[in-house]
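Please open the model in your viewer and keep the sequence panel beside it. The tour below moves from one selection to the next and says what can be found at each stop.

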Amino acid sequence: MKIYYAHSQWKYGTKIEDYELRVIHEYFPRAEIINPAKDIDQSGTEEDVMQRCLEAVRSADLVVFSSVDGTIGNGVLWEVEDAIWERPVLYLQHEELVPATRFQMCIKEASLFSHLQHADVVPLTEVISWTT
C-alpha cells in the first residue's frame with residue numbers, strides 16, 4: 001500500500017513531521033509513505049512542484065493529511081481535493097487517523113495576511129450547528 005502524506009511545508013524536516021510519520025507507520029506498518037518533503041523534487045516553480053505532488057497523490061492508495069492548528073494551506077487543500085473522490089483520505093488529528101468525510105474544509109480566500117487560499121478543517125457537527 002502507498003500512502004501520500006500531505007502536510008504543510010512548515011513541517012518539512014521538523015520533529016513534528018517525524019512524529020506524524022511515526023503515527024502513520026503505527027497505523028500502517030507495512031505501507032510505503034510518500035513524503036513530499038523527501039520524495040518529491042522541490043525544484044522549479046510552485047506550479048511544477050504542485051504538479052509533481054498531485055501525480056504522487058494519484059499514484060497513492062490512500063492520502064493522510066495534517067493541519068497546522070486546524071488550518072491547511074493551498075497545497076494540502078489541492079492534494080486533499082484531488083484525492084477525496086478517488087481514494088480514502090484520512091485526517092491526522094491528535095494521534096488518530098480520522099476519515100476526512102467527518103470534516104468540512106471551510107475555504108478562506110486570500111486575505112490581508114496571505115495572498116493564498118487556505119481552509120480551516122472543521123468537524124461536520126460544528127458546520128451543521130453554524131447553519132441551523
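A residue counts as buried when its relative accessible area is under 20%, as exposed when that area is over 50%, and as partly exposed in between. By that rule, 40% of the 132 residues of the protein are buried. Please keep in mind throughout that this is a predicted model.

**The whole chain**

Begin with a cartoon view of the whole protein, in which 5 helices and 8 strands can be picked out. Followed from the N terminus, these elements run in the order β-α-β-α-α-β-β-α-β-β-β-β-α. If you then display contacts between residues at least 6 apart in sequence, 59% of them join residues at least 24 apart.

**The largest nonpolar core**

Next, select Tyr4, Val63, Phe65 and Val89, the residues with the most contacts inside the largest nonpolar core, which has 21 residues. The elements that contribute two or more residues to this core are β1 (2–6), α3 (46–59), β3 (62–65), α4 (74–83) and β5 (89–93), and α3 gives the most, with 6 residues. Apart from this core lies another one, of 12 residues, and you can find it by selecting Ile3, Leu21, Val23 and Ala31, which are among its members.

Return now to Val63 and show what surrounds it: leaving aside its neighbours within four places in sequence, Val63 is in contact with Tyr4, Ala6, Val57, Ala83, Arg87, Pro88, Val89 and Leu90.

**Helix α3**

Select α3 by itself and look along its length, where the 14 residues should span 20 Å at 1.5 Å a residue, and where the end C-alpha atoms are indeed 20 Å apart, which agrees. Colour Val49, Met50, Cys53, Leu54, Ala56 and Val57, which are the buried residues of this helix. Then turn the view to look down the axis of α3: these buried residues fall within an arc of 160°, so they line one face of the helix. With the rest of the protein switched back on, you can see that the buried residues of α3 pack against β1, β2 (32–34), α2 (36–39), β3 and α4.

**Two salt bridges**

How many salt bridges should you look for? The count comes to 2. For one of them, stay with α3 and select Arg58 together with Asp82, whose side chains meet in a salt bridge at 2.7 Å, N to O. Because Arg58 lies in helix α3 and Asp82 in helix α4, this pair ties together parts that are 24 residues apart in sequence. Arg58 is partly exposed, with a relative accessible area of 42%, and Asp82, at 22%, also counts as partly exposed.

For another salt bridge, select Glu20 and Lys11, whose side chains meet at 2.8 Å, N to O. Are these two residues buried or exposed? Both Glu20 and Lys11 are buried.

**Two loop residues, Asp61 and Asn35**

Move to the loop between α3 and β3, where Asp61 lies. Asp61 is partly exposed, with a relative accessible area of 42%, and its side chain reaches the backbone nitrogen of Lys2 at 2.8 Å. Leaving aside neighbours within four places in sequence, Asp61 is in contact with Met1, Lys2, Arg87 and Pro88. If you also mark Glu86, you will find that Asp61 and Glu86 are 25 residues apart in sequence and 9.0 Å apart in space, taken from C-alpha to C-alpha.

Then go to the loop between β2 and α2 and select Asn35, which is buried, with a relative accessible area of 4%. Setting aside its neighbours within four places in sequence, Asn35 is in contact with Tyr5, His7, Glu17, Leu21 and Ile40.

**Positive phi at Asp69 and His94**

For the last stops, check the backbone angles in two further loops. Asp69, found in the loop between β3 and β4 (71–72), has a positive phi of about 50° although it is not a glycine, and Asp69 is exposed, with a relative accessible area of 79%. His94, in the loop between β5 and β6 (96–99), likewise has a positive phi of about 50° without being a glycine, and His94 is exposed, with a relative accessible area of 70%.

Note on methods
Residues numbered from 1 in each chain as written. Predicted model: local features only at pLDDT ≥ 70, side-chain atom pairs only at ≥ 80, totals over all residues. Heavy atoms only, no water. Core = buried A, V, L, I, M, F, W, Y, C linked by side-chain atoms within 4.5 Å. Buried < 20%, exposed > 50% of the residue type's maximum accessible area, 1.4 Å probe, protein only. Helix = DSSP H or I, 4+ residues; strand = E, 2+ residues; numbered from the N terminus. Contact = heavy atoms within 4.5 Å. Polar contact = N/O pair within 3.5 Å; in protein donor to acceptor, adjacent residues only side chain to side chain. Expected span 1.5 Å × (residues − 1). Arc of directions from axis to C-beta. Salt bridge = Lys/Arg side-chain N within 4 Å of Asp/Glu carboxyl O.
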